Amino acid sequence: MKRMKTRHVILAGSVVVVLSAGLLIGSSLQKSYPENAVTESRYPDLYPDYTGVSVPSNMAPLNFKLDAVYDKSYVKVTNRDQSRQMECFGSHKVQFDMADWHNLLQACAGDSLWIEVSARSKQQWTTWKKFAIYVSKDTIDPYMVYRLIEPGYEKWHIVGIYQRNLETFHEKPVIENKLTGYNCVNCHSFCNGNPDRMMFHMRADNGGTYIVSDGEIEKLKTKTDQTVSNLTYPYWHPSGRYIASSVNTIRQFFHAVPGKKMEVFDAESDVVVYDVSQKEILSKSSLITKDAYETFPSFSADGKWLYFCSAPALKMPEKYNQLRYSLCRVPFDAANGTIGSQVDTLVHADSISVSFPRMSPDGNFMMYTETAYGQFPIWHKDAEIRMIDLRSGRQTEMGQVNSEDTESYHSWSSNSRWFVVSSRRENGVYTLPYLVHVDEDGTTSKPFLLPQLDPDHYNFLLYSYNIPELVKGEVDVNPYDIQHAATTDQGIQVKFR
């Protein structure tokens, strides 16, 4: 079946888009307007559900499909006073023209788009209630970097780190493990969302920690006699000189009861700081202890505090469901690379457990994941996102952000007005990225699923989006340069101080 190309024409005072949406050429050229339509008082059933969401003014088109296959569809998009208009003709899929979508978004920044959907089945048209999409003046960082991985747990197979332009639908790899012996590639991290300051790990073949700085690739060996493992869960200091990381001895076991798949836990773990310039690992007795598990470090926005999660060491795996992590912090002096000894506990682990503390770049909010126990929430259906307003010390309302299934990892946009959250709300199996707007007072919007060119994209994708990170621009590194470093460089052994 040959598909027609999208075409558009500009009319005086409006934009008209003619969209193929997968129809045969002969039928798709015929514009069909609703006649004698049955009017519904409810919103149309769409996938993804974009009704009532807020979007950044630089977002790619929110393409969607209707809940059934229709002979024809007609979608009209207008601004509030209807002085600007975009029309789409198709079937059950609606795919907007890129240029005209962006023109309309820019014109409506700070206001709403209004979308009216009509569809015809068996010669009968139906028109649903119009819904609004609010267009925020707050832009979002234009790139998202994530790992695509099968949602299994036995072993890795095909794994890659990819980057997606959020203003378009363009995706390309940063590195794919088919270039490096099908090893494990994981835990990418950026300094202040800077695409030129990145790090990630490889495990097994070609193992090492890789730092990409202004196009230069450095391979490190980070296991020392004083640490229990290589660097594991990283977070950059805002200065770019330091990277906080946990060192973990990770174990897993499988449940034999319905509704639970597995548990991931630490047999031991500590927190350290890597000095990028000196190639040294720094730590303190407050972060390396035998009677506690420390993990998931992050720095404050001003770099003066090192946050981490800590739980009393218990006999594992026997007491796995009694292991609860508190949110703690210690002072950090970037000038001297020294870590304080006084540990402050910000969120006490009573009936909950904390992971992934992330400070907003403006320093106003702290977001973290909360679950009933443990430190690996992606396998916990009850896992939810929490956020503290650091100015008042109060928790903000996150009801719209959380669902009946797992919410786990999260990352801030550099202007602190957007964040991405990993969620399994679609089907309980695949982790997908949702974008959320947050006001200066901490009010959050309805999450919306990262839009794709084809609205059926997620129905056929057999991979989860792992560690979605919002980034200020394109990561300009050639995957083959990483391959060369991985396969030819023995790696620099770091020191412990």
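## Worked exercises: burial, bridges and backbone

With a relative accessibility of 6%, T224 counts as buried. That goes for a predicted model, which is what you'll be working with throughout.

**Exercise 1.** Find where T224 lies, then work out which side chain is joined to T224 by a polar contact.

*Solution.*
- Start with the address: T224 sits in the loop between β19 and β20, the latter spanning 231–236.
- Now look for the partner. The side chain of T227 makes a polar contact of 2.9 Å with the side chain of T224.
- Put burial back in: T224 is a buried residue because its 6% falls under the 20% cut-off.

**Exercise 2.** Take the salt bridge between R42 and D45 and decide for each partner: buried, partly exposed or exposed?

*Solution.*
- First check the bridge itself: the side chains of R42 and D45 meet at 3.4 Å, N to O.
- Next, R42 has a relative accessible area of 39%, so R42 is partly exposed.
- D45 also comes out at 39%, so D45 is partly exposed too.
- For scale, a search of the whole structure turns up 19 salt bridges.

**Exercise 3.** Which parts of the chain does the salt bridge of D405 and K381 tie together, and how do the two residues rank in burial?

*Solution.*
- Begin with the distance: the closest N and O atoms of D405 and K381 are 2.9 Å apart.
- Then place both ends. D405 is in the loop between β32 (394–395) and β33 (407–412), and K381 is in the loop between β30 (365–371) and β31 (384–389), so the bridge ties together parts 24 residues apart in sequence.
- Finish with accessibility. D405, at 12%, counts as buried, whereas K381, at 53%, counts as exposed.

**Exercise 4.** Repeat the analysis for R425 and E407: where do they lie, and is each buried, partly exposed or exposed?

*Solution.*
- R425 and E407 form a salt bridge through their side chains, 3.2 Å from N to O.
- The pair links distant parts of the chain, 18 residues apart: R425 comes from the loop between β34 (418–423) and β35 (432–437), and E407 from strand β33.
- R425 has 25% relative accessibility and counts as partly exposed.
- E407 has 0% and counts as buried.

**Exercise 5.** Start at K65 and find the network of salt bridges in which K65 is linked.

*Solution.*
- K65 belongs to strand β6, residues 64–66.
- At 15% relative accessibility, K65 counts as buried.
- Its side chain reaches the side chain of D456 in a polar contact of 2.4 Å.
- Widen the view and you get the network: K65, K93, D454 and D456, linked by salt bridges.

**Exercise 6.** Which residues form the negative surface patch, and where is D214 found?

*Solution.*
- The patch consists of D196, D214, E216 and D476.
- D214 is in the loop between β18 (208–213) and β19 (216–221).
- With 58% relative accessibility, D214 counts as exposed.

**Exercise 7.** Look at helix α2 and say which residues are buried and which residue caps the N-terminal end.

*Solution.*
- Helix α2 covers residues 98–107, and its buried residues include D100, W101, H102, L104 and L105.
- The cap is D97: one of its side-chain oxygens lies 3.2 Å from the backbone nitrogen of A99.

**Exercise 8.** Hunt for backbone oddities: where are the cis peptide bonds at P48 and P317, and what is the phi of C187 and of N206?

*Solution.*
- Set the baseline first: most peptide bonds are trans, and most residues other than glycine have a negative phi.
- The bond from Y47 to P48 is cis, with omega near -10 degrees. P48 sits in the loop between β4 (46–47) and β5 (54–56).
- M316 and P317 are also joined by a cis bond, omega about 5 degrees. P317 falls in the loop between β25 (305–312) and β26 (326–333).
- On to phi. C187, not a glycine, has a positive phi of about 55 degrees; it lies in strand β16 and, at 8%, counts as buried.
- N206 has a positive phi as well, near 60 degrees. Its place is the loop between β17 (194–203) and β18, and at 21% N206 counts as partly exposed.

Key: Residues numbered from 1 in each chain as written. Predicted model: local features only at pLDDT ≥ 70, side-chain atom pairs only at ≥ 80, totals over all residues. Heavy atoms only, no water. Patch = residues over 30% accessible without salt bridge, like charges linked within 9 Å, V, L, I, M, F, W, Y side chains within 5 Å. Areas by Shrake-Rupley, 256 points an atom, 1.4 Å probe, with all protein chains shown as cover. Salt bridge = Lys/Arg side-chain N within 4 Å of Asp/Glu carboxyl O. Lys, Arg positive; Asp, Glu negative; His and termini not counted. Charge placed at Lys NZ, Arg CZ, Asp CG, Glu CD. Helix = DSSP H or I, 4+ residues; strand = E, 2+ residues; numbered from the N terminus. Buried < 20%, exposed > 50% of the residue type's maximum accessible area, 1.4 Å probe, protein only. Polar contact = N/O pair within 3.5 Å; in protein donor to acceptor, adjacent residues only side chain to side chain.
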